[in-house]
Amino acid sequence: MRLRKHRQCFPSCSSHHRVDEDEIYRRQKKRDGELEWPHDSTHVKSQLAQCFINAMVGPRSWTGLFTRSSNKRNEKHGDYSLSPLQEQRLLRLQARLQVPFDENRPDHQEALKALWHAAFPDVALQGLISEQWKEMGWQGSNPSTDFRGCGFISLENLLFFARTYPVSFRRLLFKEDGKRATWEYPFAVAGINISFMLIKMLDLCSAKPRCLPGINFVRLLGEDEAAFDVLYCIAFEMVDAQWLAMHASYMQFNDVLQATRTQLERELSLEDTQRIHDLPAYNLLYQ
């Protein structure tokens, strides 16, 4: 079976309206001097999520992150073949990338409810549109609007994380480790950005990956069909570890994501990696 030459993927977060990140920073600094908001306010979390989204689509966001070509990890490699199992699993993963989130589909609604119950098992959800969602780090009361840049797979990734590594999931959701920043990254929106980063890093929108990390990832996919979802969980742990190590605040999230990507590319380029669990950063996960 021959692979198709081109695949159409969802528009990236950078396809949304552009904003001046420096101007956001200046306005935020001015507001910080004028207002003192309560630390646990839902309003604060909502505002931070919106600022976070604005920063991510600014002039130093995705466009700048995904144009590096100076090291061998990003060189293009097209002359390799896939085993039938690798090809089959890659096609299934690529098919997942094509599924948009549809707030009217019952299975998508149930997945969203399942995510809430995994995060807050003792708190009844008032509805699929509710101010409660801001507590998880969504931009507003309707999380479906946040999936436009990455589709249903980003919800699947979050739900896989919650079900497979619940200790890690809750530890990151509630920011339980380390000295935290005054303005923390919004958990759910960060998760969507991590999904998108991995799709780009692994070159999954091509017929078959042409970069070394992507090529090696397909080999891992041949060993474990859940490799992408597990890699997502690893990446989320790495993002939080980098966040703490860099003493970052929300305007530095791009730098944190870039550092995470660089480390993941390095680990995916190791010759002795046979399974997704062989990645050194896998040890960050707690079940």
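At 17% relative accessibility, Y282 counts as buried in this predicted model, because the cut-off for burial is under 20%. Its ring partner, Y165, is buried as well, with a relative accessibility of 2%. The two ring centres lie 6.4 Å apart and the planes meet at 80°, so the pair is edge-to-face. Y165 belongs to the loop between helix 6 (152-164) and helix 7 (166-173), while Y282 falls in the segment after helix 11 (253-268), so this pair ties together parts that are 117 residues apart in sequence.

Aromatic pairs are a recurring theme here, and the count comes to 17. Ring pairs also join F161, F169, F187, Y232 and F236 into a cluster. Two lysines add charge to the picture: the charged end of K175 sits over the ring of Y185, 4.3 Å from its centre, and the charged end of K208 sits over the ring of Y80, again 4.3 Å from the centre.

Helix 10 (residues 227-245) offers another spot worth a look, since D229 is found there. D229 is buried, with a relative accessible area of 7%. Leaving aside residues up to four places away in sequence, D229 touches R96, E156, N157 and F160.

Turning to the whole protein chain, the secondary structure consists of 11 helices and 0 strands. Of the 287 residues, 52% are buried. Among contacts between residues at least 6 apart in sequence, 76% join residues at least 24 apart. The chain exposes about 13,800 Å², and carbon and sulfur atoms supply 50% of that area.

How values were computed
Residues are numbered from 1 along each chain as its sequence is written. This is a predicted model: local features need pLDDT of at least 70, side-chain atom pairs count only at pLDDT 80 or more; totals for chains, interfaces and linings use all residues. Side-chain values use heavy atoms; hydrogens and water are left out. Helices (H or I, at least four residues) and strands (E, at least two) are DSSP runs, numbered from the N terminus. Buried means under 20% relative accessible area, exposed over 50%, partly exposed in between (1.4 Å probe, protein chains only). Contact means heavy atoms within 4.5 Å. Accessible areas come from the Shrake-Rupley method with a 1.4 Å probe; for residues, only the protein chains shown count as cover. Rings of Phe, Tyr and Trp (its six-membered ring) pair if their centres lie within 6.5 Å; planes under 30 degrees apart count as stacked, over 60 as edge-to-face and the rest as tilted. A charge sits over a ring if NZ of Lys or CZ of Arg is within 6 Å of the ring centre and within 35 degrees of the ring normal.
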